[in-house]
Amino acid sequence: MNKSAFCKGGPRVSALAAGCWRMHEWGRDLADRRNWIDACLDLGIDCFDHADIYGDMRCETLFGDVLRESTARRARMTLVSKCGIRLPGTTPDAAIPALDHKVYDTSPEHILRSVDRSLANLGTDHLDVLLLHRPDPLMDPDAVAEAFVRLHAQGKVLHFGLSNHSASTVDLLAQRLPMPLVTHQIELSAWQHAPLRDAVIDQCLALRMRPMAWSPLGSGRVNEPSPVRDALARVGAELGCSIETTAVAWLLRHPCRPIPIVGTGRPDRLRQLALAADLRLEAAQWFRIYEAGLPGGLP
Ligand SMILES: NC(=O)c1ccc[n+]([C@@H]2O[C@H](COP(=O)([O-])OP(=O)(O)OC[C@H]3O[C@@H](n4cnc5c(N)ncnc54)[C@H](OP(=O)(O)O)[C@@H]3O)[C@@H](O)[C@H]2O)c1
């Protein structure tokens, strides 16, 4: 699988990324988790997406158990993680009391503590990319910039980005940071393509910053009967590939060059999805799928 940069000067990653959000649900032992990571790497999928909170803060550790076995795997991968959400009953530091309700927290104290915990859990000395997970209405952009500069100077985080933000907030932070944002991670799929119309993708194109597309199979909606599934099946039949592969190829066809983060825990399904990297939809095929996901069709 080809590798290319998130943006000019950004890290080079595979065309697809692997999501670790569901790793705690897979109920697998260490050998199975190692096999899943190795299946990704063998397919050329070298970018792994995490967040401090995934699996009630357990997923990074489940993944890190494999990295602690050998340093060779870490050297082959790009690790992305996120911070900025605090879940009830959890804490990034035993000295900090757990909250009884969810908050978004982009204070420097929380960002720095969260990164230290992610590094310990993942068994690595640096993150390749750190993202702010969700927009925080109390965010102070200068304070975020201060935290990012410190993490970068300490060598704990090499690059930064955002997730689920508006185009205007991306602009705001980009103005305050001394380093470029390398990606914006958003929900984008054949089922959910509002960012194509709400300025977020225009901004990615303007900045030449490739988005990461979460839930590329609609978080499993791929199996539910729908006009989108019917359109994917029709185009897939023309291309000679599965509905799921077509859904990923649909994303890859966009000129913003999104990086779909696939969430399957099954190596056989990973192999199917990786085939999308070698497909190119015709514009008419792309529009058939796009229109199927537009309430009321194309204007
Ligand atoms: N930034 C954010 O706010 C945010 C939010 C959500 C997710 N994410 C990231 O995006 C990643 C992917 O999200 P997602 O898991 O919702 O992605 P997805 O690829 O759209 O959905 C994967 C789910 O679909 C199931 N599935 C059913 N049939 C499938 C098939 N034929 N092929 C592949 N999968 C099939 C998978 O089950 P099996 O495992 O049984 O195959 C899995 O439960 C997450 O791991 C996380 O890293 C980020």
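This briefing covers the ligand shell and two helices, 6 and 10. The structure is a predicted model. The ligand has 25 residues around it, and helix 10 is mostly covered. Helix 6, by contrast, has buried residues that line one face and exposed residues on the face turned away from them.

**Ligand shell**
- The closest of the 25 residues surrounding the ligand are G19, W21, L217, G263 and T264.
- By class, the shell around the ligand holds 12 polar, 8 nonpolar and 5 charged residues.

**Helix 10**
- Helix 10 runs over residues 243–252, and 10 of its 10 residues are buried.
- Among these buried residues are E244, T245 and T246, as well as W250, L251 and L252.
- The cover over the buried residues of helix 10 includes two strands, strand 11 (212–214) and strand 12 (259–262).
- It also includes helix 9 (227–239), helix 11 (267–274) and helix 12 (283–292).

**Helix 6**
- Helix 6 comprises the 13 residues 141–153; at 1.5 Å a residue they should span 18 Å, and the end C-alpha atoms are 18 Å apart, which agrees.
- The buried residues in helix 6 are V144, A147, F148 and L151.
- Viewed down the helix axis, these buried residues fall within an arc of 100 degrees, so they line one face of helix 6.
- They pack against helix 5 (108–122), strand 8 (127–132), strand 9 (157–163) and helix 7 (167–176).
- On the face turned away from the buried side, helix 6 carries the exposed residues D142 and A153.
- Just after helix 6, G155 has a positive phi of about 75 degrees.

Terms used. Residues numbered from 1 in each chain as written. Predicted model: local features only at pLDDT ≥ 70, side-chain atom pairs only at ≥ 80, totals over all residues. Near = placed C-beta within 6 Å. Nonpolar A, V, L, I, M, F, W, Y, C, P; charged D, E, K, R; others polar. Buried ≥ 20, exposed ≤ 12 C-beta atoms within 10 Å, placed from the backbone. Helix = DSSP H or I, 4+ residues; strand = E, 2+ residues; numbered from the N terminus. Contact = placed C-beta atoms within 7 Å. Expected span 1.5 Å × (residues − 1). Arc of directions from axis to C-beta.
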